[in-house]
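Here's a walk through one model, with the sequence and coordinates to hand. Keep the viewer open and click along as you read.

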Amino acid sequence: MHDPVRAAIQDEPGAAIGAAGYVALPAEAARALFDPEGTALSGPAWAEFARSWEALEPDAHMADGGRYRLRRHAVFRLRAGDPALARAPHQPHYQGLEFNALNGGVQRWFAPVTEAAAASPALAALLRGARAVFDGVAPGRDWHVEMHQFRIQARPDEAGKPTPEGMHRDGVDYVLVALIGRENVAGGETGIRVDGQPGERSFTLSAPLDTVLLDDHRVWHGVTPIAPLDPARPGHRDVLVLTFRAA
């Protein structure tokens, strides 16, 4: 059956963000939006990009002492009117304490995203797709984009916390979060609070490329901890986060 609400969201995600503060896209809708030719976000290109999560390195800046987070980081400069996806020199990630009371307030250096992952057609499709959506909401801007690859590990003796800082904003303008994969984990439910209103909306990114785009000025977000479904086997949750800040 045709769903006019879903169709409108898929066709005009920028309008949905303007109206609701965020839009959650199931994987098939994200592929249709970001990769209409079907060459970058499925098949070998997607599989190779997803494999790059196997080479992440430990996050050494966990103020809670946790050993459950692996990551890599890169920065891109996107100039208004220029289709180039220019990677910037490697640099630290910084959040003020008002946005991250747990780990903020310091410059955090993370292992750089590999050249292969940075040059992936899958990443290019997501960068260009997110840029098109956010340009529709805030046209004519240069963008400072930070790419974060996260793997949250789930162990029987240590909960994996995708957002150990709790419900938060990132201190940017817009955010894309895309699930890369989940393996042997329960939990990981995304909570959304818009415009300071009471109560939360929640959903789970469960299939590879389930995606949410949000206005960081309006939306607080967080993800519940994960635990292994089978304690005898390791589990993990992999996500890509792209943050867009006007440069």
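## Gln 149 and its neighbours

In this predicted model, the side chain of Gln 149 makes a polar contact with the side chain of Ser 52, at 3.0 Å. Gln 149 sits in strand β5. Is Gln 149 buried or exposed? Its relative accessible area is just 1%, and under 20% counts as buried, so Gln 149 is buried.

If you colour by contacts, Ser 52 isn't alone. Leaving out residues up to four places away in sequence, Gln 149 also touches Trp 53, Leu 56, Leu 70, Arg 71, Arg 72, Val 113, Ala 117 and Val 239. Across the strand pairing, Gln 149 stands opposite Leu 240 in β13.

## β13 and its two partners

That brings us to β13, which covers residues 235-246. On one side of the bookkeeping, β5 and β13 pair in the antiparallel sense over 12 bridges. Strand β6, residues 174-183, also runs antiparallel to β13, joined to it by 9 bridges. To find that second pairing in the viewer, look for Leu 176, whose bridge partner in β13 is Leu 242.

How many of the 12 residues of β13 are buried? The count is 10, so β13 is largely enclosed by the rest of the structure. A handy thing to remember while looking at these strands: in a regular strand, side chains alternate between the two faces of the sheet.

## The largest pocket

Now for the pocket. The largest one has a volume of about 530 Å³. There are 35 residues lining it, and the closest to its centre are Phe 150, His 168, Asp 170, His 221 and Val 241.

Which strands supply at least two residues each to the lining? They are β3 (69-78), β5 (143-154), β8 (189-194), β10 (211-215), β11 (219-223) and β13 (235-246). The largest share, 5 residues, comes from β13. As for chemistry, the lining is a mix: 14 nonpolar, 13 polar and 8 charged residues.

## β8, its hairpin and β11

One of the strands that help line the pocket, β8, is joined to β9 by 4 bridges, and these two run antiparallel. Glu 189 is a good place to start, with Thr 204 as its bridge partner in β9. β8 also pairs with β11, again in the antiparallel sense, over 5 bridges. There, Arg 193 has Trp 220 in β11 as its bridge partner.

The β8 and β9 hairpin has 6 residues between the strands, and among them Asp 195 takes a positive phi near 55 degrees. That's worth a second look, since most residues other than glycine have a negative phi. Asp 195 is partly exposed, with a relative accessible area of 41%. Glu 200 lies in that loop between β8 and β9 too. Skipping residues up to four places away in sequence, Glu 200 touches Met 167, Gly 191, Ile 192 and Arg 193. By contrast, Glu 48 is 35 Å from Glu 200, C-alpha to C-alpha, and 152 residues away in sequence.

## Two more loop residues

Asn 184, in the loop between β6 and β7 (185-187), has a phi near 55 degrees, another positive value in a residue other than glycine. At 9% relative accessibility, Asn 184 counts as buried.

Pro 208 belongs to the loop between β9 and β10. With 37% relative accessibility, Pro 208 counts as partly exposed. Which residues does Pro 208 touch, not counting those up to four places away in sequence? The list is Ala 27, Arg 31, Trp 46, Leu 179 and Ile 180. Measure across to Gly 181 and you should get 5.1 Å between C-alpha atoms, for residues 27 apart along the chain.

## A helix residue to finish

Last stop: Gly 136, in helix α6 (residues 121-137). Gly 136 counts as exposed, because its relative accessibility is 59% and the cut-off for exposed is over 50%. Its C-alpha atom is 8.4 Å from that of Ala 15, though Gly 136 and Ala 15 are 121 residues apart along the chain.

Conventions
Residues numbered from 1 in each chain as written. Predicted model: local features only at pLDDT ≥ 70, side-chain atom pairs only at ≥ 80, totals over all residues. Heavy atoms only, no water. 1 Å grid on protein atoms, 1.4 Å probe; cavity = no way out; pocket = protein on both sides within 12 Å on 5 of 7 lines; lining within 4 Å. Points joined across faces, edges and corners; volume = space filled by probe spheres on them. Nonpolar A, V, L, I, M, F, W, Y, C, P; charged D, E, K, R; others polar. Buried < 20%, exposed > 50% of the residue type's maximum accessible area, 1.4 Å probe, protein only. Polar contact = N/O pair within 3.5 Å; in protein donor to acceptor, adjacent residues only side chain to side chain. Contact = heavy atoms within 4.5 Å. Pairing = 2+ DSSP bridges.
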